[in-house]
Amino acid sequence: MNTPPSPPSPPGAERTDGSAVQIGALVPLTRPGWVEAGQHLLAGLELAVREVNDGGGIAGRPLELVVRDTAADPQKAAAAVDELARLGVAAVAGEYHSVVARAAAARADALGLPFLCSSAVLDALTEQPTEWVARLAPAQSHGWQIYADFLLGAGHSRIAVAAQPSVYWASGTRILRDHLAPRGGTVIELDMCALTPTAVCDELVDHRATALLLLVGHPEPAVSIVKAVRRDERLANVMMGAPAGQPEFAEWARLLGDDSAAIPFLRYLPERLSPLGARVEAALRERLAEAPSFVAFEGYDTVAVLADVLRSHGVDRARIAEAWPRVAVEGTRGRIQFSRTPGISVWQWTWAPVQVVDRDPADPERFRIRHAG
């Protein structure tokens, strides 16, 4: 285990001249990254920074984001962590894509740079336990087991997964299979490197699947698969699902219209927001000019946690890492505290609220809660 040492503070770490306290922000803002998710994550980060500064900053010093676009590229993310460390940031925050966050976490651990991961869920965020990394998002095994319970409760035991090659998708498939098999469920893998959307429809018929999960990129091939299945009369009773959350964002509804509805996904929000959550929701809606996703709330909560740590423990990197187990912050979605969780190598909030949600067929702009974990 890498225990935070007490090295000399990095350049600029303990300035008292009123200069900004800097936090590095890793966000996917260009393709092939999920740009809409990145925009929501950044909106939450920026809103919280503005509120921290309106409230006096960090011991009178302004808080400042140093934003770097990861573009869903693990190598680009690792290079950004190197650059941010050289710039003297107190900590790094953010990232949406799990494989990218894993690369960033490994680099932050190697450099002794605190990293608060906002939104990525891959269980193995680092290969070995680390004291430098904490995470707000629920681990994939936690959320996807809740999704599997939803599938069984809805009467689905023959479940096809249309999957592309990825550590993230492979991990999700394994979680589903391990959780469903002892309960009588079967997972059928469809290789999207070999199948067209039309061929997927034929496979669903041949395997007598009652549900199809989209473990693929957005917008393509996810959108094309949805359109093909919706137009195939043989599959009128097949439920489609997207545990990774593709239907959460407005682009999904814009691209698919009525076809965007009734595709359940995982969302990390409570059934009812607290007064803080409701206030932040209104501010995020104004900033984004649309309803904020759960990712925007994750961004806000990230800065809320880091600001609390910086005020209480200062901006020395080792002291920030040592503070993870002492965090107790009221976030937009509940009280945030970090602990060691079996099978998870980082400090983990256990757990953010988890819902299975879909867009209402009667009004695709409205979400329905189908199951809560």
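Biologist: Is A59 buried or exposed?
Modeller: A quick note first: this is a predicted model, where local features need pLDDT of at least 70, side-chain atom pairs count only at pLDDT 80 or more, and totals for chains, interfaces and linings use all residues. Residues are numbered from 1 along each chain as its sequence is written, and side-chain values use heavy atoms, leaving out hydrogens and water. Buried means under 20% relative accessible area, exposed means over 50%, and partly exposed is in between (1.4 Å probe, protein chains only). With a relative accessible area of 77%, A59 is exposed.

Biologist: Which loop does A59 lie in?
Modeller: Helices (H or I, at least four residues) and strands (E, at least two) are DSSP runs, numbered from the N terminus. A59 has a positive phi of about 50° although it is not a glycine, and most residues other than glycine have a negative phi. As for its place, A59 sits in the loop between α1 and β2.

Biologist: E95 has a positive phi too, so what is its relative accessible area?
Modeller: The phi of E95 is about 70°, and E95 is not a glycine either. E95 belongs to the loop between β3 and α3. E95 counts as buried because its relative accessible area is 0%.

Biologist: Let's go to the sheet: what is the order of its seven strands?
Modeller: Strands pair if DSSP finds at least two bridges between them. β5 (residues 133-135) and β14 (residues 347-349), for instance, pair in the parallel sense over two bridges, with A134 standing opposite W347. β2 and β13 are at the edges, each with a single partner strand, so one side of each has no neighbour in the sheet. The sheet is open, its pairing is mixed, and the order is β2-β1-β3-β4-β5-β14-β13.

Biologist: What angle does helix α3 make with β4?
Modeller: Axes are lines fitted to C-alpha atoms, for helices over the stretch in contact, and angles run from 0 to 180 degrees between N-to-C directions. Helix α3 (residues 98-111) lies across β1, β4 and β5. Its direction against β4 is about 160°.

Biologist: Which helix gives the most to the largest nonpolar core?
Modeller: A nonpolar core is a set of buried Ala, Val, Leu, Ile, Met, Phe, Trp, Tyr and Cys residues joined through side-chain atoms within 4.5 Å. The largest one has 106 residues, and L63, W144, V305, L310, W324 and F338 touch the most other members. With 12 residues, the helix that gives the most is α10.

Biologist: Which residues from 131 to 134 does W324 contact?
Modeller: Contact here means heavy atoms within 4.5 Å, and neighbours within four places in sequence are left aside. Among the contacts of W324 are P114, F115, L116, F338 and W347. The ones you want are E131, W132, V133 and A134.

Biologist: How far apart are the closest N and O atoms of R68 and E83?
Modeller: The two form a salt bridge (a side-chain nitrogen of Lys or Arg within 4 Å of a carboxyl oxygen of Asp or Glu). R68 is in strand β2 and E83 in helix α2, so the pair ties together parts that are 15 residues apart in sequence. R68 is partly exposed at 24%, and so is E83 at 26%. Their closest N and O atoms are separated by 2.9 Å.

Biologist: Which residues share a salt-bridge network with D232?
Modeller: D232 forms a salt bridge with R234, at 2.8 Å between the closest N and O atoms. D232 is buried at 14%, whereas R234 is partly exposed at 48%. Shared partners put D232 into one network with D202 and R234.

Biologist: Why is strand β6 largely enclosed, and how many of its residues are buried?
Modeller: β6 runs parallel to β7, joined by six bridges, and pairs in the parallel sense with β8 over five. The rest of the structure largely encloses β6 because, of its six residues, the number buried is five.

Biologist: Which peptide bond leading to P219 is cis?
Modeller: Most peptide bonds are trans. P219 has its place in the loop between β8 and α7. With omega near 5°, the cis bond is the one from H218 to P219.
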